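Got a minute to go through this fold with me? I'd like to do the hollow spots before the sheets.

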Amino acid sequence: MLRSGSERRAPSRDLPERRGPSLSGRAATLLRAAAAVVAGLALYASFPPVGWWWAAPMGIALLVAAVADRSWKGALGWGALGAVAYQYPLLSWTGTYVGPVWLFALLVVVLAAAIPLAFVPLVARLPGAPVWIAGLWVAGEALIEREPFGGFPWSKLAFGQAGGAYAKLASLGGAPLVSFAVVLSGAGLWALLRSLRSRRRVLPLSGAVLAVLVGPVVGLAVPAHPATAPGDRTITVAAVQGNVPRAGLDFASQRRAVLDNHVRETQLLAARVAAGQSPRPDLVIWPENSSDIDPFRNPDAGAEIQAVTDEIGAPVVVGAVLQGTRDTDGTIVQGPRNAAVVWTPRIGPTDQYVKRHLLPFGEYIPIRGLASVFSSDVARVTDFEPGTGAPVLDAGPARLGVATCYEVVFDDDVRDAVTAGADLLTVPTNNATFGYTNMTYQQQGMSRLRAVEHDRAVVIAATSGQSAIIAPDGTVLDRTGELFTPGVLVDAVPLRTTTTLATRLGAGPEWVLAGLGVAAVVVGGVLRGRRREAGAA
């Protein structure tokens, strides 16, 4: 005889109560975890050297699927798991020689990526959800652009898109618009699949398809910057990669060898020019730290640089560490400076730029006492002093915009150079500190995007590789081969004075797109509160 539910007997107290998720619940949890991890790895794979730019929107679709129907706590947890799978392989190079201090930076970046995802459940039910999710992502990237310690936006999604369908959007709204478009496509793909599976459609199918396609379609439709254009002035530029005695932090202990290496490679270039085997460069660019010996305080170093500059017959931009000064009691009056100095034939130094945006835990140590607990190498770092001038040099025929190594990741730093009149950009960099890692290739992807963003050729001069010369359309014209080998690149590049929409708008698109995400969170929170009130009534 069948009994009603009220008459059914309760389970025997002698039997242990079954706790924890059911088998299906465990399977769902494992599936969600797998989705978050695969999503993070897909985002990582979009960056160089893998360079699967198309993997980024797919990773976003999986990541949104993992968090969209969770509570904010669940979304934060699953978002953090995806962020670790994304950020750990991307940023592990930061700890190559500096010890576990890098884990602090990783924690900050992971939280900055995960916190916006915690708000996705609030906006996922709103009409036009992919737009608001993309805005939230831009808000998160805007945060890591600025905080903490001046920001660490190395993992912006846009930097994995050089050469892809979204890249040309950089000329319209900079890196933030590229990231927005990638996330919009990924969130649109999530909405499309969810709508096909569910009768209750979050977004009409046409809207979901539009969200998926609008970014790449518009990106492909944007005219590409020509490699050469009527009216361009073209110069021949050389990037010298002298190499270092060994990888790691102790490369600086053989500073004279590094300087001699760059002098020797420039002398060999001069010999090839004299023999008619290479065109004479109008400008020669050495990398960051190519002279860790201060050429202003060490006459022999200055004389060596002057001699090779006269020999090549063109201005040489030297990456030099300028010594600090101390008072008679030992108090630091001025810290050391990371400078790019223009050395002119038969004249000497004529202009210089001091790096403004210093690398935390590299060129200065914030929270030094705490950092010392994690790494003994902290004691080896003397805090550098930032520069204050415009990042532009008068370098022979070029107004050379300088983004020294770390500075290339910051939108404003590169834009400042262009708005100050730069017709050519350079990224002098010392990657020897990070050994045989992917750091140099990731930096090259950023430089390619900056070329498109501002319609400027970019010259990367690296101590140990990989140096490259990039056309205004983001195409790599030439690059050196294996890491930790000397090499010289000589190519013709245009000097451009055009101004892209992205250059003119500056941070405007970023604030608008981030504002959309924040506003959607407010609206989503208000609507959720009203639903709860209605349910309680």
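Q: Which residues lie nearest the centre of the second largest pocket?
A: This is a predicted model, so to speak a filtered one: local features need pLDDT of at least 70 and side-chain atom pairs pLDDT 80 or more, while totals for chains, interfaces and linings use all residues. Residues are numbered from 1 along each chain as its sequence is written, and side-chain values use heavy atoms, with hydrogens and water left out. A pocket is an open set of points on a 1 Å grid over the protein atoms alone, with protein on both sides within 12 Å along at least five of seven lines, and lining residues have an atom within 4 Å of a point. Of the 15 residues lining this one, those nearest the centre are Ala65, Ala66, Asp69, Trp190 and Arg197.

Q: How much space lies in the second largest pocket?
A: Helix H1 (23–45), helix H2 (55–67) and helix H7 (170–197) each give at least two lining residues (helices, of at least four residues in H or I, and strands, of at least two in E, are DSSP runs numbered from the N terminus). The lining splits into ten nonpolar, one polar and four charged residues, where Ala, Val, Leu, Ile, Met, Phe, Trp, Tyr, Cys and Pro are nonpolar, Asp, Glu, Lys and Arg charged, and the others, Gly among them, polar. Volume is the space filled by probe spheres set on grid points, which are joined across faces, edges and corners. Here that comes to about 480 Å³.

Q: What volume does the largest cavity have?
A: A cavity is a set of points where a 1.4 Å probe fits but cannot get out, and the search finds two of 30 Å³ or more. Helix H3 (72–91), helix H4 (102–118) and helix H6 (129–146) each put at least two residues into the lining of the largest cavity, which includes Tyr86, Trp137 and Lys156. Its volume is about 100 Å³.

Q: Which element gives the most to the lining of the second largest cavity?
A: That cavity holds about 50 Å³, and among its lining residues are Leu425, Thr426, Ser447 and Arg450. Strand E10 (424–429) and helix H13 (439–454) are the elements giving two or more residues. With three residues, the top contributor is E10.

Q: Why is one side of each edge strand left without a neighbour in the sheet, and which strands are they?
A: The six strands run E7-E6-E3-E2-E1-E14 in an open, mixed sheet, with pairing meaning that DSSP finds at least two bridges between two strands. Each edge strand has a single partner, so one side stays without a neighbour; the two are strand E7 (348–354) and strand E14 (487–495).

Q: At about what angle does helix H10 run to E6?
A: Angles here run from 0 to 180 degrees between N-to-C directions, using axes fitted to C-alpha atoms, for helices over the stretch in contact. H10 (residues 299–312) lies across E2, strand E3 (316–322), strand E6 (337–344) and E7, and its angle to E6 is about 45 degrees.

Q: What angle does the direction of H13 make with that of E12?
A: The other open sheet to look at is mixed too, in the order E8-E9-E10-E11-E12-E13. Its edges are strand E8 (392–395) and strand E13 (476–479), and the twist from one strand to the next averages 20 degrees. Helix H12 (residues 411–419) touches E8, E9 and E10, contact being heavy atoms within 4.5 Å. H13 packs on E10, strand E11 (458–462), strand E12 (468–470) and E13, and its direction makes with that of E12 an angle of about 20 degrees.
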